[in-house]
Amino acid sequence: MRIDIVTGLPKLLESPLQESIIRRGQEKGKVEILVHDLRDFTHDKHKTIDDTPYGGGAGMVLKPEPVFECVEALRAKRMYDEVVFLTADGEKFTQAVANELSLKKNLILICGHYKGIDERIRKALVTRELSIGDYVLTGGELAAAIVVDAVARLVPGVLNDSESALSDSFQDGLLGAPQYTRPPEFRGMKVPDVLLSGDHKVIEEWRQEQRSERTKVRRSDLLNENS
């Protein structure tokens, strides 16, 4: 899988994309992630990527020229399955969406910033708009990092344990079960006996019960969605 991120603030993405599972996935050659600085696609001495909005109002709007030039340069080299714009008014990004995107070969993620992006970008280039939640961020860079992390870890070979991602919360509409590791007792708090029993069938039944109960208490809306 290849993911190209289009942004005016590339340094915001340096650390998230070079750590942990995402770094290892790139080192294994399972996922390729490239960040493109919009200022490299400007032609004025100030490398301007934003301007004031027509009609007045506060804030700055991302200009169409550098975004079009960047995306068109990428498309000239390969086919892309989706051109995704990260925006607060987009489709809710869920585990199901992450699963779907993980099956794609090439993705472009466009990070908005300032007050937003010129509407012509959305109409002519964007094929899908995603929101990571009902709140507003300074820009789309952190949202892009979240989407990359959620999607890339599902690509076969990125995780060492191929079943790990399949047992994550939300994969089947339930939250994950409680997890424990050594030591078996810490400050008077003990690991449940069932997890020490070695009986995998009983352990799996216990985990499923815990998942159902945890979802009922913490996210009953998920049960309603899947009923």
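This passage describes the domains, a sheet, a helix, salt bridges and selected buried residues of a predicted model.

The domain assignment divides the protein into two parts. Domain 1 covers residues 2-153, and domain 2 covers residues 169-225. The C-alpha centres of domain 1 and domain 2 are separated by 36 Å.

One sheet is described here. Strands of a sheet pair through backbone hydrogen bonds, and the pairing can be parallel or antiparallel. In this open sheet, three strands follow the order β3-β4-β7, with mixed pairing. Strand β3 (50-51) and strand β7 (116-117) form the edges, and each pairs on one side only. Strand β4, residues 61-62, runs parallel to β7 and is joined to β7 by two bridges. Within this pairing, V61 stands opposite G116 of β7.

Helix α2 spans residues 64-75 and contains 12 residues. From the first C-alpha to the last, α2 reaches 16 Å, close to the 16 Å expected at 1.5 Å a residue. Which residues of α2 are buried? They are P64, P66, V67, C70, V71 and L74. An α-helix has 3.6 residues a turn, so residues three or four places apart point the same way. The buried residues of α2 pack against several elements. Four of these are strands: β1 (2-7), β2 (32-37), β4 and β6 (106-111). Helix α4 (119-124) is also among the packing partners of these residues.

Histidine H36 gives a view of part of this packing. H36 sits in strand β2. H36 counts as buried because its relative accessible area is 14%, under the 20% cut-off. The side chains of H36 and D4 are joined by a polar contact of 2.6 Å. Beyond its neighbours within four places in sequence, H36 touches R2, D4, I5, V6, T7 and F41. H36 also contacts C70 and L74, and both C70 and L74 belong to the buried residues of α2.

A second histidine, H113, lies in the loop between β6 and β7. Is H113 buried or exposed? H113 is buried, with a relative accessible area of 12%. The side chain of H113 makes a polar contact of 3.5 Å with the side chain of E141. Apart from neighbours within four places in sequence, H113 is in contact with L9, M60, T138, G139 and E141.

Valine V84 is part of strand β5. Its relative accessible area is 0%, so V84 is buried. Outside its neighbours within four places in sequence, V84 has contacts with I108, L109, I110, R128 and L130. V84 and C111 are 27 residues apart in sequence. In space, the C-alpha atoms of V84 and C111 are 8.8 Å apart.

Charged residues were examined next. Side chains of opposite charge can pair when their charged atoms come close. How many salt bridges does a search of the whole structure find? The search finds 13 salt bridges. One of them joins R128 to E91, with the closest N and O atoms 3.0 Å apart. This pair links distant parts of the chain, 37 residues apart. R128 belongs to strand β8 (residues 128-131), and E91 belongs to strand β5 (residues 82-92). The partners also vary in burial. R128 is buried at 13% relative accessibility, whereas E91 is partly exposed at 34%.

Another salt bridge connects D118 and R120, with the closest N and O atoms 2.7 Å apart. D118 has a relative accessible area of 15% and is therefore buried.

A further salt bridge pairs the side chains of K201 and E205 at 2.7 Å, N to O. Where do K201 and E205 lie? Both are in helix α7 (residues 200-218). K201 and E205 are four residues apart, about one turn of the helix. K201 is exposed, with a relative accessible area of 58%. E205 is partly exposed, with a value of 38%. Elsewhere, salt bridges that share partners join E82, E91, E100 and R128 into one network.

Conventions: Residues are numbered from 1 along each chain as its sequence is written. This is a predicted model: local features need pLDDT of at least 70, side-chain atom pairs count only at pLDDT 80 or more; totals for chains, interfaces and linings use all residues. Side-chain values use heavy atoms; hydrogens and water are left out. Two strands pair if DSSP finds at least two bridges between them. A salt bridge is a side-chain nitrogen of Lys or Arg within 4 Å of a carboxyl oxygen of Asp or Glu. Buried means under 20% relative accessible area, exposed over 50%, partly exposed in between (1.4 Å probe, protein chains only). The expected span of a helix is 1.5 Å times one less than its number of residues. Contact means heavy atoms within 4.5 Å. Domain bounds come from an automatic or database domain assignment. A polar contact is a pair of N or O atoms within 3.5 Å; within protein, one must be able to donate a hydrogen and the other to accept it, and residues adjacent in sequence count only if both atoms are side-chain atoms.
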